[in-house]
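Hi everyone, thanks for making room for me today. I'd like to walk you through one model, so have a look at it on the screen first.

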Amino acid sequence: MFICAKCGQSLTSEQATCPCPECGSLDRAQCATDGAVATDQAIIKAKVAAAKELAKKHYEVEDGLMRIFRLTSQAELEASRSEPIKLLEVNENTVPSGVMPLHFGPVPAIGIPFPSIIVEVTPEEFTKIKTRELKLPKGWEIGEELPKTAESRGGA
Amino acid sequence: MATSAEWAAAYARQADADFKTFETLQSLPIPPCHQLQFLQMACEKLVKAHLCGEGTEPGTLQQSHAYIAKTLPKVLRQQALYVNFRGPKAKEALKRAAHLAKEIELLAPAVKRGGKRLDNCEYPWEDAKGRLHTPLDWTFQPSQLVVLPAGRTTLKLIRGAINRLLPSDI
C-alpha cells in the first residue's frame, strides 16, 4: 500500500512507480494495511495544510520574505505526526547566519498543530544552498515551493 | 578566584545548554510555560555572560533576573554588527527584538514590572480582579515566536550571540 509523501494521495502499486496523479511527486510512503494508509494519508494531508497555513502567516508578517519551500526528509518520517514541518524561508530582511534550523512547538490555537523547524536564510545564503556551498542537514531536501498567495500578500 | 572571563565562559556554556534544551522541548508534548522557562534562562545567562565579559563583578549579577530587557537588545545589536547585519532592516528587526526581550524577561516570576505584570511561567498568580491564573493555561507572547514578526531573526541573533561567547575549545 502506498501513499504520496507530498500530498497524501493514496496510490495503487502501479501508480506508486509513476508521478503522483495529484501533485506529480515521486516521494512515497509505504504502509502495511489499509488502516495505516488512511492514518498516514490523514497526517500527511494535515501537515501539508499546516505548512501552507504557516507559510501564509509568515508572508503576512514578514515584509522581506521572498520565497518559502518545504524541506523534506525520508517519506516514512514525513508520515509521522512527531516529525516537524520543515520550511526553508528566503528573507531579505533577516540576519545572515548560515543554515541554522530553529525549532518551534505546535500552536494549535492558530492552526499549526505540528512542531515546526524553520531555516531562514538571506537570498545570498539561498544561492549558496542551491550550489551546495552551504549544506542542509543530512537527509533534508528542498521540496515544494509555497508561494505567496493573493490572500497572504494582502495581509502584509 | 575565578576571573571575569572564566565567569563569562561559564555563563555562556550554561546559556548554550539552556537554549538547546528549549529547542529540544519544542517537539515534545510539554506545556509552553515549561519550554519558555528555558528560553528565559538562556537569555538571562547570555546577558550575564556578556556583562561578565565587559568586567561586571559576577557577584552582583546573581541577585536579579531583571537584566534581559535592558541588556539583551545591546547584545543582539552587537551580534548584528558582528555579522554585518545593518541598515533599516536591521534597525526594524532589533526594535522588534527589544520588545520581545521585555516579554522574555517577564517570564521570570521575580520580574513583575511594578506589580503590573504578574504573569510568569512558574507560579500561579491572582489578577487585580481576584481571578486566579496558572502558567499552564496562560498564553505567553513568546510562545507564538513562530509567527511573530522578526521572531526567527531574534532567535538566530540569540543563538549566534551564545555561539560567539562560548569558549573556543568547546
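**A quick tour of the model**

Okay, confidence before anything else. Chain B has an average pLDDT of 92, and 99% of its residues score at least 70. Keep in mind that this is a predicted model. For the model as a whole, ipTM is 0.83 and pTM is 0.83.

Let's start in chain A, with the sheet. It's an open one, built from 5 strands in the order E6-E7-E5-E4-E8, and the pairing is mixed. At the edges you'll find E6, residues 102-104, and E8, residues 141-145; each has a single partner strand, so one side of each has no neighbour in the sheet. Going from one strand to the next, the twist averages 35°.

Now zoom in on one pair in that sheet. E4(A), residues 65-72, and E5(A), residues 85-91, run antiparallel to each other, and 5 bridges join them. If you want a residue to click on, try A:Arg67: its bridge partner in E5(A) is A:Val90. And what packs on the sheet, touching E4, E5 and E7 of chain A? That's helix H4(A), residues 123-130, and its direction makes about 105° with that of E7(A).

Over to chain B, and a pair of helices. H2(B), residues 32-53, packs against H6(B), residues 151-165, at an angle of about 45°, and the axes are 10 Å apart. With that angle, H2(B) counts as oblique to H6(B). The crossing is left-handed. Who makes the contact? From H2(B) we have B:Cys43, B:Leu46, B:Ala49, B:His50 and B:Gly53, and from H6(B) come B:Ile158, B:Ala161, B:Ile162 and B:Leu165. By class, that's 7 nonpolar residues, 2 polar and no charged ones.

Last stop, where the two chains touch. How many residues does each chain put into the contact? Chain B gives 22 and chain A gives 24. On the chain B side, the elements that supply two or more residues are H2(B), H5(B), which covers 87-105, and H6(B). The largest share of that side comes from H6(B), with 7 residues. So we meet two familiar helices again: H2(B) and H6(B) pack on each other, and both also give residues to the side that touches chain A. And the make-up of that chain B side? It has 11 nonpolar, 6 polar and 5 charged residues. Set that beside the contact of H2(B) with H6(B), where no charged residues turn up.

That's my tour, happy to take questions.

Definitions and conventions: Residues numbered from 1 in each chain as written. Chains lettered and ligands numbered in written order. Predicted model: local features only at pLDDT ≥ 70, side-chain atom pairs only at ≥ 80, totals over all residues. Axes fitted to C-alpha atoms, helices over the stretch in contact; angles between N-to-C directions. Helix = DSSP H or I, 4+ residues; strand = E, 2+ residues; numbered from the N terminus. Parallel < 35°, antiparallel > 145°, perpendicular 65-115°, else oblique. Left-handed = near helix turned anticlockwise from the far one by under 90°. Contact = placed C-beta atoms within 7 Å. Nonpolar A, V, L, I, M, F, W, Y, C, P; charged D, E, K, R; others polar. pLDDT = per-residue confidence, 0-100. Pairing = 2+ DSSP bridges.
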